Amino acid sequence: MNIAIVGATGNVGRKLLEVLEKLNFKFSELYLIASDKSIGKKIAFKNKTYSIVGLSDFDFSKVKIAFFSAGSAIAEKWAPIAAKKTIVIDNSKHFRMDKEVPLVVPEVNADTLKNYKNKNIIANANCSTIQLVLPLKPLHDKFKIKRVIVSTYQSVSGAGNAQMNELEQQSKNVLEKKKISSKYFTKQIAFNVIPHIDSFMDDRYTKEEWKMMVETKKILDPKILLSATCVRVPVFVGHSESVNIEFNSDVNEKKIRECLEKAPGCKIVDETKDGGYITPVESSGEFMTYISRIREDQTQKNSINMWVVSDNLLKGAALNAVQIANVLIKKYIN
Ligand SMILES: NC(=O)c1ccc[n+]([C@@H]2O[C@H](COP(=O)([O-])OP(=O)(O)OC[C@H]3O[C@@H](n4cnc5c(N)ncnc54)[C@H](OP(=O)(O)O)[C@@H]3O)[C@@H](O)[C@H]2O)c1
């Protein structure tokens, strides 16, 4: 099987390579694609050096699966073209709410992959949604979730390479007492937080907040009510979420903990002592999504609070995409 990565030089693209290697994903030929400015650039992978090739003249019939991680505009234009000849697994937001496109987090709704042939395009969910639905799935199966209130603390790598560089540069400038300039963020991100991710919508929510609501409904259950506040924080890698969940049935901390202990892809690290929880820095490079600070909400019946942390470039993007490919290969294509 041959595969391609569109956006191979980006944050997610480079993580895709790392995950392919760590999961020992079997392929014959690998094609690495990026923008024209990167054509000819060399990338070393598994004792071999690959040259970046351009997108516009790439023949997608050469590959069985093409991972797209080059943003929405590229996906909108090129994924349908590629999908005439290959299966596209797209990391961008563009196709996620398309009724014909499966929006997949394998631990939660792998069965929806059976519809991949509708458009030959499969959408990877938003990074903040993926790490949220992992623990929500077993909880919903067992106790039926009524409502979720989530506040995110999202790292700058979720926005892209240039934004990581902006945080680094601004941090140096602050420490050296130099002038700060913001190009990619709307305000200073170094030593600050910004309650604004993606564009504003008519109802005053941001598109990132809207995505968490509609994607959770599409992946898990349209009946789940969800309200999100998404915040960018000066962390390089790893998204965190403070999550309040109200259930339709009787729950307590013990029942919730027992249920989450079996949640696929999740690990509970939760001790009420100094350091008995996971922070984004510790999640960086890890495949697991971590759950900490599980406790009953003392102001409302059948409600709990918890803290969820995951590497947004791995489970939030590259790992989830490769897991999708693995299920596809195992169950739907040969
Ligand atoms: N970062 C996350 O946590 C995360 C999570 C889930 C989903 N996503 C999504 O994944 C996508 C990629 O994000 P990222 O963080 O990896 O972005 P990034 O670091 O900015 O990388 C963008 C990639 O797209 C390539 N590209 C840009 N224009 C292109 C063109 N005209 N033709 C071909 N390739 C082109 C770039 O190539 P050059 O180097 O040549 O410019 C680069 O490889 C986005 O849609 C993002 O929303 C990201």
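Which residues form one aromatic cluster with Y31? Select F58, F60 and F68 alongside Y31, and you have the whole group on screen. Keep in mind as you look around that this is a predicted model. If you would like to hunt for further ring pairs, a search of the whole structure finds eight aromatic pairs.

Now turn to the ligand. Show the residues around the ligand, and you should find 26 of them. The closest are T9, V12, S35, K37 and S38, so labelled in your viewer they make a good starting set.

Next, zoom in on V12, one of those closest residues. A backbone N or O atom of V12 lies 2.8 Å from an oxygen atom of the ligand. Then move to G71, where a polar backbone atom is 3.4 Å from an oxygen atom of the ligand. Finish this stop at N161: here too, a polar backbone atom is 3.4 Å from a ligand oxygen atom. On its own, the ligand has 900 Å² of accessible area, and the protein covers 78% of that.

Switch on a surface view for the next stop. Where does the ligand sit? Its place is the largest pocket. Colour α1 (11-22) and α9 (314-332) to see the elements that give two or more residues to the shell around the ligand.

To end the tour, colour that shell by residue class. You will see 16 polar residues and nine nonpolar ones, along with one charged residue.

Methods: Residues numbered from 1 in each chain as written. Predicted model: local features only at pLDDT ≥ 70, side-chain atom pairs only at ≥ 80, totals over all residues. Heavy atoms only, no water. Phe/Tyr/Trp six-rings, centres within 6.5 Å; stacked < 30°, edge-to-face > 60°. Near = heavy atom within 4 Å. Polar contact = N/O pair within 3.5 Å; in protein donor to acceptor, adjacent residues only side chain to side chain. Areas by Shrake-Rupley, 256 points an atom, 1.4 Å probe, with all protein chains shown as cover. 1 Å grid on protein atoms, 1.4 Å probe; cavity = no way out; pocket = protein on both sides within 12 Å on 5 of 7 lines; lining within 4 Å. Sits in = over half its atoms within 2 Å of the grid points. Helix = DSSP H or I, 4+ residues; strand = E, 2+ residues; numbered from the N terminus. Nonpolar A, V, L, I, M, F, W, Y, C, P; charged D, E, K, R; others polar.
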